[in-house]
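User: I've got a model open and want to talk through its layout. Can you take my questions one at a time?

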Amino acid sequence: IEDETLELGDRITLISGRNGTMKSTLMGLISHPFSSEKNDIFNKIMTTKLSEVFKLSKEKDKEQYSYNLKMSVGNNENLEETVKISYREKGKRHRIVVSGHESGDGNFSLPSVYLNLKRLYPLVELDNLANKTIDYSQEEKKFISNFFEKVLLKTEFKEFDSFNGKIENLEKNPLGPLEANYDVDSISSGEDNMGTIAHVLISFMRIYNENQGNKKLTGLISIDEFEASLHPISQVNLFKFLLKWSKQYNVQIILSTHSLFLLEEALKMEEEIENNTIKLNFITNRFKSKLTIL
């Protein structure tokens, strides 16, 4: 990609394109230059690591790359910083830094969470799935129950519990219904993904409440393969839920998708697109040899 601009919506940004058009890479390049000392609901730092997003080739990516992040920082002021990507022969690895030359130099302070729903391990591959006590507030319990009902149109999660399972170095914390004709061992992959998203949302809600609802941007959420395991109706329900939620808690959300159904529904939201609440970016190489962002 050369001389292209990917614009973000004030609330939700949709990125779409065929396979291999760098959607995940672009999401990672946006999310990575932010560092945070904030912890999520599982006490893990809310920072996006490149290893969670993509890998660069040790043979094909030895030249130095760079891109510019442009941001509004309030008081009608804008900030532009160059992010450099270089391969270090000594360590046989790539380093991505803002402005400086060492890890963490110039990184911006903002909680950033990246999710790839399609690459999450299914529950059947987890070992030792067991109950995990999480101290939800009553408001958070109500939020999770409402989240499942609004998105999946399911009331089975009015009463639920959280669980923990591991596979190699990966941990998962699914939610399971308590008063239904099935339990956590039998939840669908869509329900599993919704539990993951719900915990991320609550983590940002807690930060927002700590900030006492000020106008400062709460954080950034990136969700790759947004439509994974979701019925088309649930895709739209989740999109609309996140749009309303992002306005309330002042979180920017970036989504990548192959779902033509979701894109069609998003394009109908003309007012939201007109005022830049929603921004759509289409990546293609149809018009020239390099990738173009439309």
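**Loops, strands and the overall fold**

User: Between which two elements does the loop holding S188 lie?

Analyst: Quick note first: this is a predicted model, where local features need pLDDT of at least 70 and side-chain atom pairs count only at pLDDT 80 or more, while totals for chains, interfaces and linings use all residues. Residues are numbered from 1 along each chain as its sequence is written, and side-chain values use heavy atoms, with hydrogens and water left out. Helices (H or I, at least four residues) and strands (E, at least two) are DSSP runs, numbered from the N terminus. On that naming, the loop with S188 sits between β11 and α3 (189-210).

User: Is S188 buried, partly exposed or exposed?

Analyst: The cut-offs are under 20% relative accessible area for buried and over 50% for exposed, with partly exposed in between (1.4 Å probe, protein chains only). S188 comes out at 37% relative accessibility, so the label is partly exposed.

User: How far apart are the C-alpha atoms of S188 and L230?

Analyst: Along the chain, S188 and L230 are 42 residues apart. In space, their C-alpha atoms are separated by 10.0 Å.

User: How many of the residues of β1 are buried?

Analyst: Strand β1 takes in residues 12-17 and is largely enclosed by the rest of the structure. In a regular strand the side chains alternate between the two faces of the sheet. Here I12, L14 and S16 point one way from β1, while T13, I15 and G17 point the other way, and all are buried. The buried count for β1 is therefore six of six.

User: Which strand pairs with β1 over six bridges?

Analyst: Two strands pair if DSSP finds at least two bridges between them. β1 pairs with β13 (residues 251-257) in the parallel sense over five bridges, and L14 stands opposite L255 there. On the six-bridge, parallel side, G17 has I283 as its bridge partner, and the strand is β14 (residues 278-284).

User: Which strands are the edges of the six-stranded open sheet?

Analyst: The order is β7-β12-β13-β1-β14-β15, with mixed pairing. Each edge strand pairs on one side only, and the two are β7 (112-116) and β15 (292-293).

User: Which residue of β12 stands opposite N116?

Analyst: β7 and β12 (residues 219-224) run parallel and share five bridges. Opposite N116 you'll find D224.

User: What does N281 of β14 touch?

Analyst: N281 lies in β14 and is buried, at a relative accessible area of 2%. Contact means heavy atoms within 4.5 Å. Leaving aside neighbours within four places in sequence, N281 is in contact with L6, E7, T13, L14, I15, S16, I293 and L294.

User: Which residue of β10 stands opposite G165 of β9?

Analyst: β9 (residues 160-167) is mostly covered, with six of its eight residues buried. Three antiparallel bridges join β9 to β11 (residues 175-177), where S162 has L175 as its partner. β9 also pairs antiparallel with β10 (residues 170-172) over three bridges. There, G165 faces K172.

User: Is N250 buried or exposed?

Analyst: N250 lies in the loop between α4 (232-249) and β13. Most residues other than glycine have a negative phi, and most peptide bonds are trans. N250 nevertheless has a positive phi of about 55°. With a relative accessible area of 12%, N250 is buried.

User: What is the relative accessible area of K92?

Analyst: K92 is in the loop between β4 (77-88) and β5 (93-98). K92 is not a glycine either, yet its phi is positive, near 55°. K92 is partly exposed, with a relative accessible area of 42%.

User: What is the radius of gyration of the protein?

Analyst: The radius of gyration is taken over C-alpha atoms, and the globule rule is 2.2 Å times the number of residues to the power 0.38. For 294 residues, a compact globule would come in near 19 Å, which agrees with the protein's 20 Å.

User: What share of the 294 residues counts as buried?

Analyst: The protein has six helices and 15 strands. One of the covered helices is α1 (residues 23-31), with nine of its nine residues buried. Over the 294 residues of the protein, the buried share is 49%.
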